[in-house]
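The two exercises below ask you to work from the model shown here, and each is followed by a solution in steps.

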Amino acid sequence: MEGPAVSNAVAALACALGWLLWSVLIGGLAHGLPREALVGDSWLTRSRPWPETKEAYERHLGILRWKSLLPDAGAALPGGVRKNSLVSRDPATLQRLVEETRRAELVHLAIWPFWIVTALWLPPAGVLINLVFATLFNLPCLWLQRYNRLRLQPLLLTMRGRDSSGR
């Protein structure tokens, strides 16, 4: 390998290492968020100005066909929680799952902009490739977290309503 080939290999390695380190850093910071920070929606995780419904995610995005293909890195750090491990239907567990969807959404929102940093060493075409990569790997995860909250929050409200009515 000579000249441009070495340079391209170094740039590709820098991107791979950059994405890995940035993802670990963001994951670690999000892992350290207190549960109180995840109890309610922030301006980043609240409902959007357009109608968001679980039916729209199912019909327009086909989320039911591909959601099982996405990895769950919730337990990648000590004390983390895999979303599929929270299968109990009691209000406390469902609330925890809603909180974890918020944490995961924040992680993917914070990971995505790393493509901008690649402009420090890549030509415009390489930056564009990283933008596409960032979008293709984070947007489905964001959709899934929002979809899961749309499924869980009404169930949680119903369960809390039953609890307060004494049934």
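**Exercise 1.** Decide whether T45 is buried or exposed, and describe its surroundings.

*Solution.* Because its relative accessibility is 3%, T45 counts as buried, a class that means under 20% relative accessible area (1.4 Å probe, protein chains only). This is a predicted model in which local features need pLDDT of at least 70 and side-chain atom pairs count only at pLDDT 80 or more, whereas totals for chains, interfaces and linings use all residues. Residues are numbered from 1 along each chain as its sequence is written, and side-chain values use heavy atoms, with hydrogens and water left out.

Next, place the residue: T45 lies in the loop between α1 (4–31) and α2. Its side chain makes a polar contact of 3.0 Å with the side chain of D41 (N or O atoms within 3.5 Å, one able to donate a hydrogen and the other to accept it; residues adjacent in sequence count only if both atoms are side-chain atoms), and also reaches the backbone nitrogen of S42 at 3.0 Å. Finally, leaving aside residues up to four places away in sequence, T45 touches R102, E105, L106, R146 and R149 (heavy atoms within 4.5 Å).

**Exercise 2.** Characterise the lining of the second largest pocket by element and by residue class.

*Solution.* Start from the elements that give two or more residues to this lining, namely α2 (54–61), α4 (91–111) and α6 (124–164), where helices are DSSP runs (H or I, at least four residues) numbered from the N terminus. The largest share, four residues, comes from α6. By class, the lining residues divide into eight nonpolar, one polar and four charged.

Definitions and conventions. Nonpolar A, V, L, I, M, F, W, Y, C, P; charged D, E, K, R; others polar. Buried < 20%, exposed > 50% of the residue type's maximum accessible area, 1.4 Å probe, protein only.
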